[in-house]
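Work through the exercises below with the model open beside you. Try each task before you read its solution.

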Amino acid sequence: MRERKLTRLKGYDYSQDGYYFITVCTQDRMEWFGKIENGNRVLNAYWEITVGCWNDLPNHYGNIRLDEMVVMPNHVHGIIVIVGNGFKPFPTRPRESHFHGLSEIMRGFKTFSSRRINETIHDGAKFRWQKSFYDHVIRDERALHDIRAYIMNNPLKWETDLENPTREC
């Protein structure tokens, strides 16, 4: 079995407060969420399910807020903000169950969206995300600004996007 590349920062606590940029791709980079034509997304019902599951994450994980996000034909970029305890009183026990790290949040997103998409497929196909996901800890306001701009402008750059299987080099 091929050894998987570790993508997490060694020794970093991914449940601590902060902004996290994530990218998650469909298995084999299959274009499940529509197409991009002339910089415009032509989206489908799978896109709608994916956006709905993303927007529902704070209902499952009380320690997060969602920031910028885009669904591309075969991947999702987004910013998840882990906010710790928010306005609630601090728990009497450390790390109570409502504190979730980034890996658990992404596991939930992938599970919820895969299940909902697969419930709509009746031709024997099966939707899957690739294993793991890419993350980047956003460390300052400038990086946050740049990543937000990258996410918002991503559809305009699809022709040269590394995730585009037919990209122009």
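**Exercise 1: Two rings from distant parts**

Trp129 is buried, with a relative accessibility of 8%. Buried means under 20% relative accessible area, exposed over 50%, partly exposed in between (1.4 Å probe, protein chains only). This is a predicted model: local features need pLDDT of at least 70, side-chain atom pairs count only at pLDDT 80 or more, and totals for chains, interfaces and linings use all residues. Residues are numbered from 1 along each chain as its sequence is written, and side-chain values use heavy atoms, with hydrogens and water left out.

*Task.* Classify the ring pair of Phe33 and Trp129.

*Solution.*
- Start with the rule. Rings of Phe, Tyr and Trp (its six-membered ring) pair if their centres lie within 6.5 Å; planes under 30 degrees apart count as stacked, over 60 as edge-to-face and the rest as tilted.
- Apply it. The centres of the Phe33 and Trp129 rings are 5.6 Å apart and the planes stand at 35 degrees, so the pair is tilted.
- Place the partners. Phe33 lies in the loop between strand 1 and strand 2, and Trp129 in the loop between helix 2 and strand 6 (134–138), 96 residues apart.
- Check Phe33. At 1% relative accessibility, Phe33 is buried.

**Exercise 2: Another pair**

*Task.* Classify the ring pair of Trp32 and Tyr46.

*Solution.*
- Count first. The rule gives nine aromatic pairs.
- Take this one. The Trp32 and Tyr46 centres are 5.5 Å apart with planes at 65 degrees, so the pair is edge-to-face.
- Locate it. Trp32 sits in the loop between strand 1 and strand 2 (34–37), Tyr46 in helix 1, 14 residues apart.
- Widen the view. Ring pairs join Trp32, Phe33, Tyr46, Trp54, Phe109, Phe127 and Trp129 into a cluster.

**Exercise 3: Helix 1**

*Task.* Where does helix 1 bend, and by about how many degrees?

*Solution.*
- Find the helix. Helix 1 covers residues 45–60 and has 16 residues.
- Locate the bend. Helix 1 bends by about 25 degrees at Trp54 (the angle between axes fitted to the seven residues ending there and the seven starting there).
- Look further along. Pro58 follows within four residues.
- List what is hidden. The buried residues of helix 1 are Ile49, Thr50, Val51, Cys53, Trp54 and Leu57.
- Inspect the N-terminal end. Asn44 caps helix 1 there, with a side-chain oxygen 3.0 Å from the backbone nitrogen of Tyr46.

Methods. Helices (H or I, at least four residues) and strands (E, at least two) are DSSP runs, numbered from the N terminus. The expected span of a helix is 1.5 Å times one less than its number of residues. A polar contact is a pair of N or O atoms within 3.5 Å; within protein, one must be able to donate a hydrogen and the other to accept it, and residues adjacent in sequence count only if both atoms are side-chain atoms.
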